[in-house]
Amino acid sequence: MMVEVKWAKEQEGKGGVRIVLASGKRKRAIAKAIVYPGKGRVWINGVPVEIVKPEIKRWRILEPLLLAGEKVMKNVDIKVWVKGGGFMAQAEAARMAIARGLIKYTGSEELKTLYEEHDRHMLSGDPRRTEPEKWMRYSARRRRQKSYR
């Protein structure tokens, strides 16, 4: 049974290979992932994920693969392109794109429920955004300190 998802699409790659394209967003960061058959390799912007620093970013990106297990992890290669935002927002966006791509690639309802139970924002995204700065202020809420003398 295939899981219907609106944020990932399936295509035929070169030589008739089945690939899945998925995307993820977090704050200003946007990630696009390609999931295809392989040996379990992951690249972020053309760099192997083993080299990505800081380590917390690497673990955040690999979280969907670790939850999916060895069977899924060793049978797919994933290429992710991410731009915009800070380093942690980029990690969250890449994590979301990988999770969505794996669900579409495997077609597993169990994997989808596992991700939803672990962290809902792995699939649905986080709607919070930064508030725009107002005129005559230092930031969105901060004002000049009031002085009576």
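1. Buried here means under 20% relative accessible area, with exposed over 50% and partly exposed in between (1.4 Å probe, protein chains only). The model is predicted, so that local features need pLDDT of at least 70 and side-chain atom pairs count only at pLDDT 80 or more, while totals for chains, interfaces and linings use all residues. Residues are numbered from 1 along each chain as its sequence is written, and side-chain values use heavy atoms, with hydrogens and water left out.

2. Helix α1 covers residues 55-68 (helices being DSSP runs of H or I of at least four residues, strands runs of E of at least two, numbered from the N terminus). Its 14 residues reach 20 Å from first to last C-alpha, close to the 20 Å expected, where the expectation is 1.5 Å times one less than the number of residues.

3. A kink of about 50° lies at L62 in α1, shortly before the proline P64; the bend is the angle between axes fitted to the seven residues ending at a residue and the seven starting there. After α1 comes G69, with a positive phi near 100°.

4. In α1 the buried residues are K57, R58, I61, L62, E63, P64, L65 and A68. These buried residues pack (contact being heavy atoms within 4.5 Å) against β4 (42-44), α2 (70-73), β6 (76-83), α3 (87-106), α4 (109-118) and α5 (121-124).

5. Strands β2 (residues 18-26) and β3 (residues 29-37) run antiparallel and are joined by seven bridges, pairing being assigned if DSSP finds at least two bridges. Two residues lie between the strands of this hairpin, in which K27 takes a positive phi near 50°.

6. β3 also pairs with β6, in the antiparallel sense, over eight bridges. A33 in β3 is the bridge partner of A22, and A33 also stands opposite V80 in β6.
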